[in-house]
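Let's take a walk through this model, one neighbourhood at a time. Keep the viewer open and follow along.

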Amino acid sequence: MGLVPDTANHPLSMLTAAEVERAAAICRATGKVPEGALFAHLVLAEPDKVVLAGWSPGDPIDRCVRAQIVPGPELALIEALVSVTRGEVLEWRVVEGERPTLLFTESAHAVAAVRANPEFRAALARRGITDVDNVQVDPWPAGTFGYAAEVGRRIARCISFVREYPEDNGYARPIEGLVVHVDLGRNEVIEVIDHGAVALPAQHARYFAADHEPLRSDIKPLHITQPEGPSFTVEGNLVEWQKWSVRVTFDPYEGLVLHQLAYDGRSVAHRLSMSEMVVPYGDPGEMHGFKNAFDAGEWGLGRMTQSLTLGCDCLGEIFYFDAVLGSERGRAWTITNAICMHEEDYDILWKHVDLMGGTSEVRRSRRLVISHIATVGTYEYGFYRYLSQDRTVQLEEKPTGILSVGAMEPGSTREWGNEVAPGVYAPFHQHMFCARLDLDVDGAVNRVYEVEAEVVPPGDGNPWANAFRARTTLLESETAARRVVNAATSRSWRVVNEGVHNGMGRPVGYKLIPTMSTPTLLADPSSSVGQRAGFARHNLWVTPYAPDEMRAAGDYPNQSAGGDGLPRWTAADRDLVDTDVVLWYGFGITHLPRPEDWPVMPVEYTGFLLSPVGFFDRNPALDLPPSTGGVCH
Ligand code: NI
């Protein structure tokens, strides 16, 4: 079951193919889009919260699209806002000195330019590599490291690998020591830098079934069936399930976005998205020290999303949303089956056996899963959003795929990484995510408390030295709200609406609970990535809602000088008490690669929970019926 939305019946309906192409045509009709210009993006311009709040079904909808146009190789972008409803250009702004995300068109051209380059071929020949057709060239975001090649250009640093045949896993054989700088805008190889060769590792790294015979033969079929269909309904991009309602859209950078998440008509969140992510490497050497890919802002978690396959990526009674993006040529580009949605059984939700009364009550838990998977270079990232019947929201990211590796002398040791296969070196690195959480708990006006356990000293009032209490600290302003996780005190953050009270007369709230590995950025604040990914230096940031503050590292992270995004915005130290707060939560994994991560890495998990706290007066899942016609009492 796929869905290609072709009409917009709500201001937050997904962008349609016709809207994408009309927006590009409106831009071109200005006569100010040069021949050969590329569209870095064509995205739905989401109406401001005030406009959305005032909209009712049947009201007119002014559908607007933001276009980012790359006119040529210079450092200039056009930011356009057009109304596809009215056929008008509303804004046309030239931004000097900034770079778009890496463009697919230019990256493909760069690969060809590197392969054809005589100096590159000579460096390959010095390593005994002559079959250039099977050399895999990977363009990487360049970062900012003071090379002359970076100045005034949009560049990629290209590294390379050898395949034995086209479908081979090239990462088995990294071509060590060779980095090529390419001017992406001009499609010119700027320089071929050869730091010296290391022998190619000997073993292949294939992960296909045919390479791992005999396969296990003791797996019996496991079928998930819902003979009466799933329990959710979908109308356009509005999903309703178990008293939840939510709108689903898809952004080229953020991927899956959840809007207007509400329970039984009560607002929980206005918008939940993955604002940015960065993968900084901890090896200071020339081959890996530049690796700081901003997978949202430099590549695009939506743009890199691949179509999903029933029974493989998602199992059960599946509903798929297609995603419509804009191609770099300004055409509609549909990723079919981009978003997967289904229900899954999640063990038990609650249970109690009354030993005296002889009763036993148990309820099974069911979750609604909405997910997509982006392939960003070597890694896959699964982005999973879970809604549960006890009103908990879980965001979980699942990295898998292939490590970014180099070659090393087999059996030698490296300070900055591990040998994962003979002669294959995987540097230490981090996967740092930053979710933007525009929570509106029973309305937009909220405040945020930090809550953690506080041990009380022994003495008067604590004679048994066992006491601890909950310490609650109001986060009054932006600088005070730059916080880190503290597992030892079970620190969490409670978003409260002081104007709405529960049955005990206390304000309703939702809390953000760190649940898994939650590092902060290990690179020094003075480093290039420390400046450019300042958002990753804290786990929590809180800002007052501002419609132009959407991306944690700013709108232009590619080769940025740094300092933009959360560090810059929060330096204003705006007031956070009883305003429309936005939480930014940084989490992730510090990855010390293992042999078991090779040649393809089993899924890792990282994420967090949003859980009601006093939002209800008691367990909100008491009205769940016992399963299987009452057998499961
Ligand atoms: Ni990793």
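A charge counts as sitting over a ring if NZ of Lys or CZ of Arg is within 6 Å of the ring centre and within 35 degrees of the ring normal. Bear in mind that what you're looking at is a predicted model. With that rule in hand, find Arg266, which lies over the face of Phe616 at 5.6 Å from the ring centre. Lys291 does likewise with Tyr281, lying over the ring's face at 5.4 Å from its centre.

Stay with Tyr281 for a moment, as its ring also takes part in an aromatic pair. The model has 22 aromatic pairs, and one of them joins Trp140 and Tyr281 edge-to-face, with 6.1 Å centre to centre and 80 degrees between the planes. Trp140 belongs to strand 5 (residues 135-141), while Tyr281 sits in the loop between strand 13 (266-280) and strand 14 (292-294), so the pair ties together parts that are 141 residues apart in sequence. Both Trp140 and Tyr281 are buried.

Another pair to look up is Phe383 with Phe433. Their ring centres are 6.3 Å apart and their planes stand at 80 degrees, so this pair is edge-to-face too. Phe383 is in strand 18 and Phe433 in strand 23, which puts the partners 50 residues apart in the chain. Both Phe383 and Phe433 are buried. Zoom out a little and you'll find these two in a cluster linked by ring pairs, together with Tyr379, Tyr381, Trp493, Tyr585, Phe587 and Phe608.

Tyr379 from that cluster leads us to the metal. Which residues hold the nickel ion? The donors are Tyr379 (OH), His429 (NE2), His431 (NE2) and His591 (ND1), at 1.9 to 2.0 Å. Along the chain, they follow the spacing Y-x49-H-x1-H-x159-H. Tyr379 in strand 18 (residues 379-388) and His429 in strand 23 (residues 429-439) link distant parts of the chain, 50 residues apart. What about the geometry? For four donors to count as tetrahedral, all angles must lie between 85 and 135 degrees. Here the four donor atoms subtend angles of 96 to 127 degrees, which makes the arrangement tetrahedral. Tyr379 counts as buried because its relative accessibility is 3%, and His429 is buried as well, with a relative accessible area of 2%.

Just before His429 in the sequence, there's a little sheet to pick out. Three strands form this open sheet in the order 20-22-21, with antiparallel pairing. Strand 20 (406-407) and strand 21 (417-421) stand at the edges with a single partner strand each, so one side of each lacks a neighbour in the sheet. Strand 20 pairs with strand 22 (residues 424-427) over two bridges, and Ala407 has Val424 as its bridge partner there.

Last stop: strand 11 (residues 244-251). Eight of its eight residues are buried, so the strand is largely enclosed by the rest of the structure. Trp244, Val246, Val248 and Phe250 point one way from the strand, and Ser245, Arg247, Thr249 and Asp251 point the other way. On one side of it in sequence, strand 10 (residues 238-241) runs antiparallel to strand 11 and is joined to it by four bridges, with Trp241 opposite Trp244. These two strands form a hairpin with two residues between them, and Gln242 in the turn has a positive phi of about 50 degrees. A further hairpin, through three residues, leads from strand 11 to strand 12. Seven bridges join strand 11 to strand 12 (residues 255-263), again antiparallel, and Arg247 stands opposite His259.

Notes. Residues are numbered from 1 along each chain as its sequence is written. This is a predicted model: local features need pLDDT of at least 70, side-chain atom pairs count only at pLDDT 80 or more; totals for chains, interfaces and linings use all residues. Side-chain values use heavy atoms; hydrogens and water are left out. Two strands pair if DSSP finds at least two bridges between them. Donors are N, O and S atoms within 2.8 Å of the metal (3.2 Å for Na, K and Ca); water is not among the atoms, so sites may look incomplete. Four donors count as tetrahedral if all angles lie between 85 and 135 degrees; four count as square planar and six as octahedral if opposite donors are over 155 degrees apart and all others between 65 and 115; anything else is irregular. Buried means under 20% relative accessible area, exposed over 50%, partly exposed in between (1.4 Å probe, protein chains only). Rings of Phe, Tyr and Trp (its six-membered ring) pair if their centres lie within 6.5 Å; planes under 30 degrees apart count as stacked, over 60 as edge-to-face and the rest as tilted.
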